[in-house]
Amino acid sequence: MSDIVQLTVSDFADLFGTTVGDFSSGVQAMIEKCDFRFVRLDVARQRQIMDMIQKRLEEDTPLFARAGEKRQGRWQEGWSENLHEFEESGCDVEKLVPKYYDRPGTPVRLLGEYVEPVSSQFELNLRRVFAQWLFEKYFIEASAVYEFGCGSGMNLAMLAQMYPKKQIVGLDWATASRDIVEVMRARCGWHVRGEVFDMFKPTMDGDFGAQSALLAFHALEQLGRNFDSFLQFVLERKFACFVHVDGIEELYDPHSPIDALALQFHRKRNYLSGYLSHLQKLVSVGSVQLVRVHRVHVGNLYHDAYSYIVWRPL
């Protein structure tokens with residue numbers, strides 16, 4: 001192992017594909033407050049991690065259950081746990097953190113290699129910094145924000161406090177997610193609304209609003225290749241922009257050993273596939289504009305989950 005390294009504000013700007021000048025004082029303060037130290041690993045340790053991941057990918061384990069419609073019950077179970085803890089705590093927003101972030105001692109992916117964070121909160125805090133910057137950059141002029149697959153409500157809590165005058169709407173196929181949002185509205189007094197919404201069978205009356213923004217953060221991955229109905233549903237309605245965060249299949253380099261493993265994981269989990277390519281086809285016929293596509297080279301042990309696509313209808 002080598003010496004401990006610290007991610008700087010400049011490093012974050014490079015990761016997110018922007019400049020330090022694009023960061024608000026609040027974003028910079030978040031970076032400086034959190035422990036973003038990590039240890040770079042030698043070649044032998046990198047190889048050991050890759051071998052471990054490859055072995056897991058070859059096994060038939062519930063850890064890599066395929067995403068899709070049959071997983072609805074599992075998400076209901078998970079978000080129900082967050083709902084219970086959120087209510088019992090008197091609406092402590094820390095109780096909205098999804099349980100899959102609780103993996104102390106686990107290496108993460110960073111800039112094309114595996115590293116070992118000093119803090120068990122490394123990925124979670126990086127996610128928070130990223131979300132704060134992303135929401136400031138793309139939602140400041142939106143009249144409302146609709147989040148598809150809002151899950152535990154973690155993003156909604158952040159948005160409601162950042163933009164108290166905007167309508168924040170959480171949409172999810174789990175009733176527990178809707179209930180979390182309703183607790184936020186009733187007990188926190190936030191301008192939020194929750195609705196049950198199935199991305200596999202999307203239905204909704206009316207438009208979002210021409211100045212509204214749409215968000216999907218670690219949600220569209222569940223659709224696999226079955227995104228056509230959802231995308232058509234969205235395109236039939238008026239809105240200003242769509243911000244999408246996920247592992248993006250087309251952005252991996254299949255010739256890179258670490259990316260090849262991420263692609264195996266992505267496909268084994270049946271995650272979103274062909275979506276960016278489909279958007280690019282819509283660009284070619286003048287239906288949409290791709291505002292930004294950027295790979296964020298950071299993720300958990302298995303894949304880079306924070307790449308983003310920002311697009312708008314024409």
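Visitor: What makes the reach from the side chain of Gln46 to the backbone oxygen of Tyr114 a polar contact?
Guide: The term means a pair of N or O atoms within 3.5 Å; within protein, one must be able to donate a hydrogen and the other to accept it, and residues adjacent in sequence count only if both atoms are side-chain atoms. Here the distance is 2.7 Å, so it falls within that limit. Mind you, this is a predicted model: local features need pLDDT of at least 70, side-chain atom pairs count only at pLDDT 80 or more, and totals for chains, interfaces and linings use all residues. Residues are numbered from 1 along each chain as its sequence is written, and side-chain values use heavy atoms, leaving out hydrogens and water.

Visitor: Why is Gln46 called buried?
Guide: Buried means under 20% relative accessible area, exposed over 50%, partly exposed in between (1.4 Å probe, protein chains only). Gln46 has 12%, so buried is the word.

Visitor: Which residues is Gln46 in contact with, leaving aside its neighbours within four places in sequence?
Guide: Leu41, Glu113 and Tyr114; contact means heavy atoms within 4.5 Å.

Visitor: How do you know that β10 and β12 pair?
Guide: Two strands (DSSP E runs of at least two residues) pair if DSSP finds at least two bridges between them. These two have 6 bridges, so they pair, and they run antiparallel. Val288, for one, has Pro313 in β12 as its bridge partner.

Visitor: What makes β7 and β10 edge strands of the sheet?
Guide: The open sheet has 7 strands, ordered β7-β6-β5-β8-β9-β12-β10. β7 and β10 each have a single partner strand, so one side of each lacks a neighbour in the sheet.

Conventions. Helices (H or I, at least four residues) and strands (E, at least two) are DSSP runs, numbered from the N terminus.
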